[in-house]
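Here are a few friendly notes to read with the model open beside you. They cover the cysteines and then the ligand site.

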Amino acid sequence: MMDLSVTIAGVRFPSCVMNAAGALCVTREELVALGRSRAGAIVTKSMTLEPRQGNPEPRYKSFPGGSINSMGLPNLGYQAYAQLIPELRTFQKPVIASVAGFSEEDFVTIASAINACRPDLIEVNLSCPNIPGKPQIGYDAEASERLLKRVRKVVSVPMGVKLPPYFDPAHHEHMARMLGRVEVDFLSLINSVGNGLVVDSETETVVIKPKGGFGGLGGTLIKPVALANVRAFWKLFEGRLPIIGTGGVVSGADVFEHLLCGASAVQVGTVLVEEGLGVFERLETELGALLRQKGYPSPEACRGKLKEL
Ligand code: RRO
């Protein structure tokens with residue numbers, strides 16, 4: 001089996017495929033299971049100040065081509081994750097703590113306390129699409145800059161930002177200029193494509209309950225959006241800011257496409273929820289075989305090597 005390890009912001013990952021925040025990573029049991037699995041890291045559910053039940057069910061549904069969710073940040077609260085981090089650190093892989101909040105103050109409080117537990121990295125989630133009445137911070141560059149500058153001051157481990165998808169080069173450029181003024185160590189791209197609507201024509205209904213059926217889209221159908229965002233930020237930072245690609249990874253070939261666009265590693269959400277923890281070994285096998293067949297000795301060897309016509 002090919003060595004699929006990678007290094008991001010100075011941290012070694014034993015495999016370049018890990019879970020996406022939100023996917024099978026809320027409870028202690030789920031996080032320990034990720035630790036025991038072939039996942040290349042343990043990424044936590046985005047955490048808030050207080051424990052949360054999240055939105056009413058049904059709040060996740062898969063369909064041919066992807067998934068829609070409006071979970072509403074169900075999580076144990078940051079103090080529970082702070083307590084869990086020492087145990088999670090005993091697995092031979094990085095721990096990435098995903099931090100969220102409902103105000104700048106929340107993010108700073110949580111990031112500061114979690115940083116003290118020394119996760120290997122912190123991912124600041126600026127892109128939850130599912131809180132009624134709360135727009136995604138990542139769609140407001142000025143608010144994002146204010147928040148990130150405050151969080152950066154209290155975080156000493158490598159700090160990354162989880163961004164929503166953008167759909168215009170002007171937005172990529174505006175965000176990249178902002179991120180250049182904040183010392184971020186990596187990017188996670190992309191969160192779900194927010195506020196999609198899935199309709200069941202049989203029952204003539206929406207398929208999830210919160211927000212009248214609107215929710216974040218994931219899975220195969222968002223892959224081109226994810227690849228475009230990975231590629232756009234890779235180019236804007238001239239390959240000097242590590243990117244974790246998320247969106248539409250179902251096969252080893254999908255991982256390879258993210259790597260070609262500039263990702264150093266990838267995360268899996270929908271396919272992990274649908275297939276379970278065995279997905280990590282399958283993707284390693286598929287990616288290893290594909291890289292070997294193409295003559296690439298490692299994931300790093302093909303990073304960013306996408307050819308243009
Ligand atoms: O919990 C959620 O509803 C959720 C979050 Br925080 C997020 O960042 N992305 C998503 O698709 N769902």
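1. Why does the sulfur of Cys 302 form no bond with the closest cysteine sulfur? The partner, in Cys 16, is 8.5 Å away, which is too far for a bond. Cys 302 also counts as buried, at 0% relative accessibility (buried means under 20% relative accessible area, with a 1.4 Å probe and protein chains only).

2. A word on the basis: this is a predicted model, where local features need pLDDT of at least 70 and side-chain atom pairs count only at pLDDT 80 or more, while totals for chains, interfaces and linings use all residues. Residues are numbered from 1 along each chain as its sequence is written, and side-chain values use heavy atoms, leaving out hydrogens and water.

3. Cys 128 is unpaired too, because its sulfur is 13 Å from the closest cysteine sulfur, in Cys 25, too far for a bond. The structure holds zero disulfides (pairs of cysteine sulfur atoms within 2.5 Å).

4. Now to the ligand: 13 residues surround it (each with a heavy atom within 4 Å). The closest are Lys 45, Gly 72, Leu 73, Asn 191 and Ser 192. By class, this shell has five nonpolar, seven polar and one charged residues, with Gly counted as polar.

5. For your polar contacts (N or O atoms within 3.5 Å), a polar side-chain atom of Asn 191 lies 2.8 Å from a ligand nitrogen atom. A polar side-chain atom of Asn 130 is 2.8 Å from a ligand oxygen atom, and a backbone N or O atom of Met 71 is 3.1 Å from an oxygen atom of the ligand. The protein covers 92% of the 320 Å² of accessible area that the ligand has on its own (Shrake-Rupley method, 1.4 Å probe).

How values were computed: A polar contact is a pair of N or O atoms within 3.5 Å; within protein, one must be able to donate a hydrogen and the other to accept it, and residues adjacent in sequence count only if both atoms are side-chain atoms. Buried means under 20% relative accessible area, exposed over 50%, partly exposed in between (1.4 Å probe, protein chains only).
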